[in-house]
Amino acid sequence: MEAAPSSSTCACSHLVTMPYPARGYINPMMNFCKMLLSNDNTRLILVTFVVTEEWLGFIGSDPKPDIMRFATIPNVVASDHPGFLEAVMAKMEASFEELLNRLQPPPTAIVSDTFLYWAVVVGSRRNIPVALFSTMSASIFFVLHHHHLLVNLSENGGERVDYIPEISSMRVVDFPLNDGSCRSKQLLKTCLKGFAWVSKAQYLLFTSIYELEPHAIDVLKAELSLPIYTIGPAIPYFSLQNNPTFSTTNGTSDSYMEWLQVLFFTSHKGSHFSVSRAQMDEIAFALRESGIQFLWVGRSEASRCDQQLRVLSHPSIGGFWSHCGWNSTKEGVLAGVSFLTFPIIMDQQIDSKMIVEDWKVGWRVKEDVKVNTTTLVKKDEIAMLVQKFMDLDSNLAREIRERSETLRQICSRAITNGGSAVTDLNAFVKDLVQTIH
């Protein structure tokens, strides 16, 4: 753990943040903290950002505000994702509370990932407020909150269901963890444990923009008794605004970005939720044989990915092949790109549904693709699709890109002064400061 700041630099209020120990959760929490500390009303707040010892090795050298420090708890180790999730739930609470006992000044508030429901218990024991921080969309949160409607869904023979209040008709395949496997059932059971504690927190924060999913947010505000804030995308758009030109780390322009209309593709090697090697081969052969220009970026779970938004915002990017994780979805929307969606698991199916059906800024790679099946999307089918998608002379391609640009403008207004996201973030800061002072 880093040494505590000296008494001359200590703030009178001390906010402790606890992200779930994975890159897709740590990055939004870090970006949230940077936005929070850029607010004039937080001058007297110290932030301690808690990660496991392993993750401090990955992010410890990243730039951060002076009034923010890192602290560590022991690593959590497991052989697979369900085991890792169980270990996080069973082992991290005690380590986190032991850390809080050592921190000076004493913590006065906690911001914790929604999955770490035990943080609400810790806050209650210490009589300090807890804000739950959702790195999922409000729409997937809403569906999981109504988890009783997911019972026996895998046995539903219909193509679509429309009984989720205020959520437009959805394909059965788009519901999270709906493949009937023991692994998915275990993951869903573990995830749902946390939802019993949501109402016991003092705040709920969504890393979203109200205009992207107003119906889900409005219904959650009506159903839950705690204050809910849509604080913005919690991606590094602020650094993009300061330096919009993409360049390499040594400041020179990348020649491959001078191509016109490139399809951007990322592969997540080493992730718990990666496509099969056979499927990756089909995709690679399809892109090569399609004749389109593409930029393929491979990255491990531990690699830095703060350059993705800058790449997506480059005018040469004509499309984004995405697994539809919420962070990548928000980056694509803010960059104004159109999507080819290829979701794998959990919230990705519903994010894909919003992209394709609600916002109409993307196409599915495969309409009936399901998680954990052995069916491959073959290279010939993929090649035909990407050729059609990247044909900017077609009416379909032009229309989808016009809608993408419109959505980008809507979201850009939300994250500027007076916009919905900035207004909600300021409201949360004001409420938090009043509570802990």
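**Close-up views of a predicted model**

**View 1. Strand S12 sits inside the fold.** Counting along strand S12 (residues 317–322), 6 of the 6 residues are buried, so the strand is largely enclosed by the rest of the structure. This is a predicted model, so please read every view here in that light. Strand S12 runs parallel to strand S13 (residues 339–341), and 3 bridges join the two. One pair to look for is Ser322 with its bridge partner Thr341 in S13. Follow the chain from S12 through helix H11 (residues 326–335) to S13 and you trace a right-handed β-α-β unit.

**View 2. Phe389 and its surroundings.** Phe389 belongs to helix H13 (residues 379–389). Is Phe389 buried or exposed? With a relative accessible area of 0%, against a cut-off of under 20%, Phe389 counts as buried. Leaving aside residues up to four places away in sequence, Phe389 touches Gly318, Gly319, Phe320, Ser338, Phe339 and Leu340, among others. Its contacts also include Leu263, Trp363, Ala397 and Arg401. Phe339 lies 50 residues from Phe389 along the chain, yet their C-alpha atoms are separated by 9.1 Å.

**View 3. The open sheet and its edges.** Here 7 strands line up as an open sheet in the order S3-S2-S1-S4-S5-S8-S9, with parallel pairing. Which strands stand at the edges? They are strand S3 (68–73) and strand S9 (228–230); each has a single partner strand, so one side of each is left without a neighbour in the sheet. On average, and ignoring direction, neighbouring strands of this sheet are turned by 20 degrees against each other. At the S3 edge, 6 bridges connect S3 with the parallel strand S2 (residues 45–52), and Val47 stands opposite Met68 in S3.

**View 4. Helix H15 across the sheet.** Helix H15 (residues 420–436) lies across several strands, including strand S1 (13–18), strand S4 (109–113) and strand S8 (203–206). S2, S5 and S9 are also among the strands that H15 lies across, and the helix runs at about 140 degrees to S9.

**View 5. Ser137 and the enclosed helix H5.** Ser137 is found in the loop between strand S5 (130–134) and H5. Its relative accessibility is 0%, so Ser137 counts as buried. Setting aside residues up to four places away in sequence, Ser137 touches Phe206, Glu213, Trp326, Asp351 and Met354. In helix H5 (residues 138–145), 7 of the 8 residues are buried, so the helix is largely enclosed by the rest of the structure. Those buried residues are Ala138, Ser139, Ile140, Phe141, Phe142, Val143 and Leu144.

**View 6. Helices H3 and H4 meet.** The axes of helix H3 (residues 81–102) and helix H4 (residues 118–126) come within 10 Å and cross at roughly 30 degrees. The crossing of H3 with H4 is right-handed. From H3, the residues taking part are Val88, Met89, Met92, Glu93, Phe96, Glu97, Leu100 and Asn101, and they meet Trp118, Val121, Val122, Arg125 and Arg126 in H4. By type, the residues of this contact divide into 8 nonpolar, 1 polar and 4 charged.

**View 7. Stepping back to the chain.** The protein chain contains 15 helices and 14 strands. Of its 437 residues, 56% count as buried. Among contacts between residues at least 6 apart in sequence, 69% join residues at least 24 apart.

Key
Residues are numbered from 1 along each chain as its sequence is written. This is a predicted model: local features need pLDDT of at least 70, side-chain atom pairs count only at pLDDT 80 or more; totals for chains, interfaces and linings use all residues. Side-chain values use heavy atoms; hydrogens and water are left out. Buried means under 20% relative accessible area, exposed over 50%, partly exposed in between (1.4 Å probe, protein chains only). Helices (H or I, at least four residues) and strands (E, at least two) are DSSP runs, numbered from the N terminus. Axes are lines fitted to C-alpha atoms, for helices over the stretch in contact, and angles run from 0 to 180 degrees between N-to-C directions. A crossing is left-handed if the near helix is turned anticlockwise from the far one by less than a right angle, and right-handed if clockwise. Contact means heavy atoms within 4.5 Å. Ala, Val, Leu, Ile, Met, Phe, Trp, Tyr, Cys and Pro count as nonpolar, Asp, Glu, Lys and Arg as charged, and the others, Gly among them, as polar. Two strands pair if DSSP finds at least two bridges between them. A crossover is right-handed if, with the strands pointing away from the viewer, the path from the first strand over the helix to the second runs clockwise.
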